[in-house]
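Open the model in a viewer and keep the selection tool at hand. The stops below say what to select next and what is there.

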Amino acid sequence: MATPVEIAPTHERELVLARLVDATPQQLFRLWTMPERFPDWFCPKPWRAEVTAMDLTPGGASENVMYGPDGEVFPNKGVYLEVVPDRKIVFTDAFTAGWVPAEDGGMMTATVTFEAQPDGKTLYTARVAHPTVAKRKQHEEMGFHDGWGAVAEQMEAVAKTL
């Protein structure tokens, strides 16, 4: 089971989730970059997500659709800002493919890191920055900690199948 690790936000508009995960950085990075595996781990169950576009280059499309158990449909469009194999993925919904600004200004910029640990595990950290304190609070009230925590658990389980 992914073990919570306390890491403080660096500013008032940031949310942080950190877990010690029983998987390698390579396994976790693969899951983040394999569109066909997103339905297995990316949303807390019973939700599911499907990738609609994944161009792992700066400015490339980062798009998925999340489906809820009661017919909810939430498209998420953004771009990748930085991708460092087996170490880091940075993406935002402030822009869409082609650097077109998001109509609503976006909700967040996420930096996901995978740090190898001596015991073969990985320190998985998601730092999510928001443009305003109000958007950070909104994201937190939407269930950031529980949701991203459940996703880390699911990701750990799926990584063991790679």
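The tour goes from a hairpin region to a surface patch, then to a helix with its aromatic pairs, and ends at the salt bridges.

Before starting, note that this is a predicted model, in which local features need pLDDT of at least 70 and side-chain atom pairs count only at pLDDT 80 or more, while totals for chains, interfaces and linings use all residues. Residues are numbered from 1 along each chain as its sequence is written, and side-chain values use heavy atoms, with hydrogens and water left out.

**Stop 1: strands S4, S5 and S6**

Select residues 73–84, which are strand S5. Helices (H or I, at least four residues) and strands (E, at least two) are DSSP runs, numbered from the N terminus. Two strands are said to pair if DSSP finds at least two bridges between them.

Add residues 61–67, strand S4: this strand runs antiparallel to S5, and 7 bridges join the two. To see one of the bridges, show Val65, whose partner in S5 is Pro75. The S4–S5 hairpin has 5 residues between the strands, and Gly71 there takes a positive phi near 90°.

Now add residues 88–92, strand S6, which pairs with S5 in the antiparallel sense over 5 bridges. Here Glu82 stands opposite Val90 of S6. Between S5 and S6 the hairpin has 3 residues, and in this hairpin Asp86 has a positive phi near 65°.

**Stop 2: Leu81 and the nonpolar patch**

Stay on S5 and select Leu81, which lies in this strand. Is Leu81 buried, exposed or partly exposed? Leu81 is partly exposed, with a relative accessible area of 32%; buried means under 20%, exposed over 50%, and partly exposed in between (1.4 Å probe, protein chains only).

Which residues does Leu81 touch, leaving aside its neighbours within four places in sequence? Leu81 is in contact (heavy atoms within 4.5 Å) with Pro58, Val90, Phe91, Thr92, Trp99 and Thr109. For a distance check, pick the C-alpha atoms of Leu81 and Gly60: these residues are 21 apart along the chain, and the atoms are separated by 8.0 Å.

Add Phe95 and Trp99 to the selection. With Leu81 they form a nonpolar patch on the surface, with about 260 Å² of accessible area together. Patches are made of residues with over 30% relative accessible area and no salt bridge; like charges are joined within 9 Å, and nonpolar side chains (Val, Leu, Ile, Met, Phe, Trp, Tyr) within 5 Å. The areas come from the Shrake-Rupley method with a 1.4 Å probe, and for residues only the protein chains shown count as cover. Phe95 belongs to strand S7, residues 95–96.

**Stop 3: helix H1 and its aromatic pairs**

Select residues 25–32, helix H1. How many of its residues are buried? H1 is mostly covered, with 6 of its 8 residues buried: Pro25, Gln27, Leu28, Phe29, Leu31 and Trp32.

A search of the whole structure finds 12 aromatic pairs. Rings of Phe, Tyr and Trp (its six-membered ring) pair if their centres lie within 6.5 Å; planes under 30 degrees apart count as stacked, over 60 as edge-to-face and the rest as tilted.

Show Phe29 with Phe114: this pair is edge-to-face, 6.2 Å centre to centre, with 90° between the planes. The pair links distant parts of the chain, Phe29 in helix H1 and Phe114 in strand S9 (residues 109–116), 85 residues apart. Phe29 counts as buried at 9% relative accessibility, and Phe114 is buried at 3%.

Next show Trp32 with Phe38, also an edge-to-face pair, at 6.4 Å between centres and 85° between planes. Trp32 and Phe38 are both buried. Add Trp41, Phe42 and Phe91: with Trp32 and Phe38 they form one aromatic cluster.

**Stop 4: salt bridges**

The structure holds 6 salt bridges, each a side-chain nitrogen of Lys or Arg within 4 Å of a carboxyl oxygen of Asp or Glu.

- Select Asp22 and Lys160, whose closest N and O atoms are 3.5 Å apart. Asp22 is in the loop between strand S2 (14–21) and helix H1, and Lys160 is in the segment after helix H4 (144–159), 138 residues apart.
- Select Arg48 and Glu50, which meet at 2.4 Å, N to O. Arg48 is partly exposed at 35%, as is Glu50 at 33%.
- Select Glu140 and Arg136, with closest N and O atoms 2.8 Å apart. Both lie in helix H3 (residues 133–141), 4 residues apart, about one turn of the helix. Glu140 is partly exposed at 33%, whereas Arg136 counts as buried at 14%.
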